[in-house]
Amino acid sequence: MQKLPAVLGGSPAFNSLVPMVRPVLPQFDEMEAGIRQILSTGMVTKGPFLREFEEAVADHLGVKHAVAVSSCTSGLMLVYKCLGLSGDVIVPSFTFMATVSALVWNGLRPVFVDVDPQTATLDPQAVEAAVTPQTTAIVAVHNYGNPADIDGLQAVADKYKLKLIFDAAHGFGARYQGVPVGRQGDAQVFSLSPTKLLISGEGGIIATNHDDLAAAVRMGREYGNDGSYDSAFAGLNARMPELSALLGLKSLNNLEHAAESRNETAALFQEAMGCVPGIGFQQVRPGDRHSYREFTITIDAGRFGLSRDELALALAAENIDTRKYYDPPVHRQTAYRQYDTGQPLTNTEWLSANCLSFPMWTDMEPDVAMRICEAVQVIHEHSQPVHEKLASK
Ligand SMILES: Cc1ncc(COP(=O)(O)O)c(C=O)c1O
């Protein structure tokens with residue numbers, strides 16, 4: 001008997017909600033000795049686990065300095081500040097709000113530039129076209145975990161003597177031309193929040209090969225105080241506590257497995273959804289590895305038979321959670337609309353209206369992935385009655 005989508009009265013694909021993420025954390029016995037040490041010594045911040053974690057991350061990334069901070073957002077705020085940026089900074093609008101909020105906190109003007117529609121990462125040609133004498137930096141994002149066109153962006157940065165910073169919030173597990181993202185550009189800033197492959201609870205890592213920048217952000221995470229209590233500049237409290245550093249350190253042991261597992265799940269999704277008309281996937285450049293922090297598809301409504309929003313509603317009825325990252329894009333958000341110059345961001349607008357992110361976690365059971373794909377297929381096969389049903393609600 002042919003399956004019926006839940007929205008048309010069929011039984012849902014899942015009995016309970018399939019969440020977007022399931023953080024994979026170290027076992028308690030891996031953490032136990034460290035927790036005891038932290039509690040018994042009273043070193044709850046600025047202790048040995050912070051140093052060990054920073055060294056292990058620098059080693060993993062192949063970068064000179066890894067500075068642990070309280071979040072990716074505070075890390076971006078410190079990097080923008082300590083690089084001494086001024087004026088205009090080129091940034092995608094197709095990103096999470098924090099890429100841009102950290103610029104605005106530093107009194108910088110975001111200049112929104114379009115992304116490449118296939119990779120959903122910043123388009124170097126569009127960047128070059130947007131450079132003016134006021135431009136001081138380019139900020140690119142490894143969007144959803146897909147490495148940006150680092151060489152293309154570096155060429156533009158070199159040509160116009162601009163700083164190049166990467167928001168690498170989704171970057172742990174991603175590889176650019178065979179090496180981890182993190183060592184390229186002037187600095188890269190990672191997130192360690194629970195939706196990521198490497199988790200410290202909350203936290204971030206600033207990765208850089210510049211000694212001066214590393215020293216400055218270390219001071220910046222301590223209020224801008226070098227210990228003399230004569231602030232060199234207005235800093236933050238952006239320290240990472242020891243328990244978070246310990247969690248990050250243990251989580252690092254699982255990072256390679258996490259990236260491999262997610263790439264396997266993504267391959268399954270692509271194989272099973274690839275034959276459904278109107279569904280597209282984010283392209284990964286040859287030689288790169290996606291982290292699949294997020295697995296996101298595009299929906300061409302004309303070919304699929306339903307819009308992205310209709311598909312999301314039909315999937316919700318199947319108990320499958322989804323997210324519309326990033327809708328609205330940053331240049332249309334209330335706080336950032338004032339920076340919208342009216343310059344067309346055609347690909348950003350299209351992706352924003354047509355992207356849908358699916359549940360993805362490390363060690364997702366293949367059966368769960370296959371049932372999600374089957375639900376998409378069944379919804380597509382019934383697109384006309386599903387459309388009519390949703391329209392009547
Ligand atoms: C692209 C991007 N930048 C920055 C952030 C902010 O990270 P955090 O929550 O660690 O501040 C996020 C959060 O997921 C993100 O997706």
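Reader: In which loop is the place of Y326?

Author: This is a predicted model, and in it Y326 has its place in the loop between α11 (308–317) and α12 (346–354).

Reader: Which residue is joined to Y326 by a cis peptide bond?

Author: To read a peptide bond, one looks at its omega angle. The bond between Y325 and Y326 is cis, with omega at about 0 degrees. A further cis peptide bond runs from D327 to P328, where omega is near 5 degrees. P328 also lies in the loop between α11 and α12.

Reader: How many helices and strands does the protein chain have, and how may I judge its overall form?

Author: One begins with the count of elements and then turns to the overall dimensions. The protein chain has 14 helices and twelve strands. Its radius of gyration is 22 Å, close to the 21 Å that the globule rule gives for 393 residues, so the chain is as compact as a globular protein of that length. Along the principal axes, the C-alpha trace spans about 75 × 55 × 40 Å. Of the 393 residues, 51% count as buried. Among contacts between residues at least 6 apart in sequence, 73% join residues at least 24 apart.

Reader: How is a single strand to be read, and which way do the residues of β8 point?

Author: In a regular strand the side chains alternate between the two faces of the sheet. In β8 (187–191), A187, V189 and S191 point one way, while Q188 and F190 point the other way. The strand is mostly covered, five of its five residues being buried.

Reader: Which strands are joined to β8 by bridges, and in what sense do they run?

Author: One asks for the direction of each pairing and then for the residues that face each other. β5 (163–168) is joined to β8 by four bridges, and the two run parallel; here A168 has F190 as its bridge partner. β8 and β9 (204–208) are likewise joined by four bridges, but they run antiparallel. In that pairing, S191 stands opposite G204.

Reader: What is the order of the strands in the open sheet of three strands?

Author: The order is β10-β11-β12, with antiparallel pairing. β10 (279–281) and β12 (355–358) stand at the edges with a single partner strand each, so one side of each has no neighbour in the sheet. From one strand to the next the twist averages 35 degrees. Three bridges pair β10 with β11 (residues 295–299) in the antiparallel sense, and G280 stands opposite T298 of β11. Helix α9 (residues 255–273) packs on this sheet, touching β10, β11 and β12, and its direction makes about 20 degrees with that of β11.

Reader: Is helix α3 enclosed or open to its surroundings?

Author: For a helix, one counts its buried residues and then asks what they pack against. Eleven of the eleven residues of α3 (72–82) are buried, so the helix is largely enclosed by the rest of the structure. Among the elements against which these residues pack are β1 (65–69), α4, β5, β8 and β9. Just after α3, G84 takes a positive phi of about 65 degrees.

Reader: Which residues are closest to the ligand?

Author: The ligand is surrounded by 13 residues, and the closest are S71, C72, T73, A169 and S191. α3 and α4 (97–105) each supply at least two residues of this shell. By type, the shell divides into five nonpolar, seven polar and one charged.

Reader: Which residues that are not glycine have a positive phi?

Author: Y223 and Y292 are examples; for each, one may ask for the angle, the location and the surroundings. Y223 has a phi of about 70 degrees and is found in the loop between α7 (211–220) and α8 (242–252). With 17 C-beta neighbours inside 10 Å, Y223 counts as partly exposed. Y292 has a phi of about 50 degrees and is found in the loop between β10 and β11. Y292 is buried, with 29 other C-beta atoms within 10 Å.

Reader: Why does Y144 count as buried, and which residues does Y144 touch?

Author: Y144 counts as buried because 24 C-beta neighbours lie inside 10 Å, the cut-off being 20 or more. Y144 is found in the loop between β4 (135–141) and α6 (150–160). Leaving aside residues up to four places away in sequence, Y144 touches A120, H170, Q282, R293, E294 and T296.

Note on methods: Residues are numbered from 1 along each chain as its sequence is written. This is a predicted model: local features need pLDDT of at least 70, side-chain atom pairs count only at pLDDT 80 or more; totals for chains, interfaces and linings use all residues. A residue is buried if 20 or more other C-beta atoms lie within 10 Å of its own, exposed if 12 or fewer, and partly exposed in between; C-beta atoms are placed from the backbone. Two residues are in contact if their C-beta atoms, placed from the backbone, lie within 7 Å. Two strands pair if DSSP finds at least two bridges between them. Axes are lines fitted to C-alpha atoms, for helices over the stretch in contact, and angles run from 0 to 180 degrees between N-to-C directions. A residue is near a molecule or strand if its C-beta atom, placed from the backbone, lies within 6 Å of it. Ala, Val, Leu, Ile, Met, Phe, Trp, Tyr, Cys and Pro count as nonpolar, Asp, Glu, Lys and Arg as charged, and the others, Gly among them, as polar. The radius of gyration is taken over C-alpha atoms; the globule rule is 2.2 Å times the number of residues to the power 0.38.
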